[in-house]
Amino acid sequence: MTSASAPGKIILFGEHAVVYGRPALAVPVMQVHADVEISDSRRAGIWVDAPDISLHAELSALPPTHPLATTIRNTLRAAGVTNPPSLKIRVTSTIPVASGLGSGAAVSVAIIRALSSLVNHPLSDEEVNVLAYEIEKLHHGTPSGIDNTVITYAKPVYFVRGQPIQTFSVARAFTIVIGDTGRAAPTKESVGDVRKLWEVDKSRWEAVFDKVGKIVLDARKAIESGMWERLGALMDSNHALLQEMTVSSLELDRLVLAAKAAGARGAKLSGGGRGGNMIALVKPEDAEKVASALLSAGARHTIVTTVH
Ligand code: PMV
């Protein structure tokens, strides 16, 4: 049997503007993960078992553009396997789907790693990242590539679309509380809506994206110089710009306000928006208080994570 696992992720700063060439910062979230186990099958074919989405099917019975089927086929092709053995591929995940934590990319990365090592052709991180990006296109339409990149490398990433990956260092660890609205929100829709706004008034939205880009640069400097306290105000400003882009929601705004009222230094939505998750920057000793305030304000669940 071969297995592989990939973490979730959060975008700290820069979502949406990153689609238009501005930088963004993202970090892995090790508390949640996608896990893949592959073993020989006595039944002929490649059987995919994904209980979280009630999927149990043979590969050839899945639609040709199904993300799991495409991941498996593309990985076998990249590994040069033309005549695959009979296999059972079991996919499980603790990452909530369509919530901005990168569940799709984590599943892709874990399948690519487990399958390529099973056929004795382990792929490099770079190759894994390229394959996972192809699958992101099926999920998202026009993804920037940030999810697959941070999840493949499992390190803090400063990401600019189309440029070589840059990791960055965290001089002093800081604590983030993640609050899940419980509302699944497909990133494809919010990305598409921002594109419609941009098409109608490009100069207005380019100026908004520039402001986001400046926040991201300031945030990177603050993190690299150990001044994480400065991230609070930057998060608040980034959230206001995301509201302007129309990708926040009543639930997200309610959780952001609740976190701030409970002592968070700053808070913002994270990822595609409209639902999914928000993040709050806290002093470690305030994490539990902020997490319970989020639950009282309607969060489905919370995760406390340390960025280092
Ligand atoms: O919703 P998520 O976490 O998968 O993130 C999407 C991030 C966007 O910037 C909104 C889209 C993208 O492709 O970068």
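Two colleagues discuss strand pairing, a cavity and salt bridges in this predicted model.

Colleague: Which residue in E2 stands opposite Thr2?

Modeller: Strand E1, residues 2-13, has 10 of its 12 residues buried, so it is largely enclosed by the rest of the structure. E1 pairs with strand E2, residues 24-40, in the antiparallel sense over 11 bridges. Within E2, the residue that stands opposite Thr2 is Ile38.

Colleague: Where does the largest cavity lie with respect to domain 1 and domain 2?

Modeller: The search of the whole structure finds one cavity of 30 Å³ or more, and the largest cavity holds about 40 Å³ of space. Its lining includes Ala98, Ser99, Ala185 and Asn277, and by class there are two nonpolar, 10 polar and no charged residues in that lining. Because domain 1 (2-159) and domain 2 (170-307) both give residues to the lining, the largest cavity lies between them.

Colleague: How many residues apart in sequence are the parts that Arg22 and Glu206 tie together?

Modeller: Arg22 forms a salt bridge with Glu206, with the closest N and O atoms 2.6 Å apart. Since Arg22 lies in the loop between E1 and E2, whereas Glu206 lies in helix H6 (residues 202-224), the pair ties together parts whose separation in sequence is 184 residues.

Colleague: Is Arg22 buried or exposed, and at what relative accessible area?

Modeller: Arg22 belongs to a network of salt bridges that links Arg22, Glu206 and Asp210. Its partner Glu206 counts as partly exposed at 25% relative accessibility. Buried means under 20% relative accessible area, and Arg22 is buried, at 12%.

How values were computed
Residues numbered from 1 in each chain as written. Predicted model: local features only at pLDDT ≥ 70, side-chain atom pairs only at ≥ 80, totals over all residues. Heavy atoms only, no water. Buried < 20%, exposed > 50% of the residue type's maximum accessible area, 1.4 Å probe, protein only. Helix = DSSP H or I, 4+ residues; strand = E, 2+ residues; numbered from the N terminus. Pairing = 2+ DSSP bridges. 1 Å grid on protein atoms, 1.4 Å probe; cavity = no way out; pocket = protein on both sides within 12 Å on 5 of 7 lines; lining within 4 Å. Points joined across faces, edges and corners; volume = space filled by probe spheres on them. Nonpolar A, V, L, I, M, F, W, Y, C, P; charged D, E, K, R; others polar. Domains from an automatic or database assignment. Salt bridge = Lys/Arg side-chain N within 4 Å of Asp/Glu carboxyl O.
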